[in-house]
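The following exercises are to be worked through with the sequence and the coordinates at hand. Each task is followed by a solution that goes step by step.

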Amino acid sequence: MSVLIKNGRIITAVEDFHSDIFIQDETVTTIGKNLDMPADEIIDAKGRYVIPGGVDPHTHFDMPFGGTVTVDNFASGTRAAAHGGTTTMIDFAIQTMGESPLKGLETWHQKAAGNTAVDYAFHMILTDMEGERMKDMRSLIDEGITSFKLFMAYPGVLYMNDGMIYRTMREAGEFGALICMHAENGIVIDEIIKEAIEAGKTEPKWHGLTRPTQMEAEAVHRTIAISELANVPIYIVHLTCSDALEEVKQARANGLPVHAETCPQYLLLDHSYLEQDGFEGAKYVMSPPLREKWNQEELWRGLQMGHLQAVATDHCSFRFHDQKTLGKDVFTKIPNGAPGVENRLSLIFNGGVVEDRISLNKFVDITSTAAAKIFGLYPKKGTIAVGSDADIVIFDPERRETISVNNPHMHHLKADYNAFEGFEVTGISETVLSRGRVIVRKGEFVGEQGHGQFVKRNLFTA
Ligand code: URP
Ligand code: ZN
Ligand code: ZN
């Protein structure tokens, strides 16, 4: 099977030029002007941007959490991702307390295999690394799991104390792996939550008000300090606010291998969404929480300046009508998380490029290339180059759509609401190729559940 993409404007993280692309089977084999090669399919990309498929390094498909299971699984989640131009996912497998993380990996392979529309990889959430468990990390790396997420939040669920964090980081550092950190001081936050509940403060907005920015910044500071001693590179997931960003900036200025992502929800939504009438705010209960609006410009600037490297979604979707309502009496029982995997490219293109905050190259970098590099997928993923996988998006920079659960062009998730309801965006993924195969053609899904393959990742390189 061969595909010829003609007349497009190719944009990578560093280049911007008009050229044609020839794809043989799964791989880009030629890039050049006026290519005249016979091909099974010719795509005219005139007036379109031709960009690398998005890499979303933070999703939670089919995950048991908050007393329920996330509604989007690998089938619905990756199909929606494909519509939005994301062609590689890194989902979080979980080690169940008391069990080997290898068992967790097996479980996640079973969830994903044969179900995904696009390629995928896993991080491993480690919860319990006592004694013998440390050597399992080596086996995980051999299986292509080269990054591990630890939690300073959610005591009694996923939380790890500082001693175990240090030991796990030491071991990961020895192996050359990367530590991803959920940085919030869960111990202090639990005390603040107790105070709030005792005072009868139970509505969704209290989820945000009991998790102040100081407790995120403190945890970011602490994790950087511990990682420096443990000699391991780190990646802060879902960074939300200026206070936490300052800690990352300082560490990077000191030459430490500290990286961080933010998410569209922290760039575009704010605490007022949690304060909406009735129970509506539950849709926006996530951790860390949405912040005061002024933080958004700081995060955009952080991306523009390279202090933040990537935009992931932390897609963790629950139905509003019967899952979020588990917490209708008290916010602590609202499952934490929101949907987002589908609209990331449009939201960041619109908020970043159209609204003049970042360049086109930066748009590609933060939605694809940087994550591919940090997580050992580059140059197979994250760029358009001879020899790279033909994961390519034909992107219409002019088309305008309104994001809505009721807009069949913009919402293919099982989640029964869209966190960006009513947002008007310019810039839509039109045609999407995954390893040389057209999986979305002019907005219509023509891929296959099971086309996606597991990708073993390389170790982090500075
Ligand atoms: O609220 C969130 N972020 N849910 C997903 C789990 C996590 O902490 O990433
Ligand atoms: Zn987290
Ligand atoms: Zn997450």
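**Exercise 1.** Which residue in β9 is the bridge partner of V55?

*Solution.* The model is a predicted one, in which local features need pLDDT of at least 70, side-chain atom pairs count only at pLDDT 80 or more, and totals for chains, interfaces and linings use all residues. Residues are numbered from 1 along each chain as written, chains are lettered from A and ligands numbered from 1 in the order in which they are written, and side-chain values use heavy atoms, with hydrogens and water left out.

Helices (H or I, at least four residues) and strands (E, at least two) are DSSP runs, numbered from the N terminus, and two strands pair if DSSP finds at least two bridges between them. The partner of V55 in β9 is T88, and strand β6 (residues 54-59) runs parallel to β9, to which 4 bridges join it.

**Exercise 2.** Describe the other pairing of this strand and its surroundings.

*Solution.* Strand β10 (residues 119-125) pairs with β9 in the parallel sense over 7 bridges, and F122 in β10 is the bridge partner of D91. Since 9 of the 9 residues of β9 (residues 86-94) are buried (under 20% relative accessible area with a 1.4 Å probe, protein chains only; exposed is over 50%, partly exposed in between), this strand is largely enclosed by the rest of the structure.

**Exercise 3.** Which protein atoms are the donors of the zinc ion (ligand 3), and why is the arrangement around this ion tetrahedral?

*Solution.* Donors are N, O and S atoms within 2.8 Å of the metal (3.2 Å for Na, K and Ca), and because water is not among the atoms, sites may look incomplete. The protein donors are H58 (NE2), H60 (NE2) and D314 (OD), lying 2.0 to 2.1 Å from the zinc ion (ligand 3). Four donors count as tetrahedral if all angles lie between 85 and 135 degrees; the 4 donor atoms here subtend angles of 87 to 134 degrees, and therefore the arrangement is tetrahedral. Both H58 and H60 are buried.

**Exercise 4.** Which residues coordinate the zinc ion (ligand 2), and are K149 and H238 buried or exposed?

*Solution.* K149 (NZ), H182 (ND1) and H238 (NE2) coordinate the zinc ion (ligand 2) at 2.1 to 2.3 Å. The pair K149, in strand β11 (residues 147-151), and H238, in the loop between β13 (234-236) and α8 (242-253), links distant parts of the chain, 89 residues apart. K149 is buried at 2% relative accessibility, and H238 is likewise buried, with a relative accessible area of 2%. Finally, the zinc ion (ligand 2) and the zinc ion (ligand 3) are 3.9 Å apart.

Key. Tetrahedral: all angles 85-135°; square planar, octahedral: opposite > 155°, others 65-115°.
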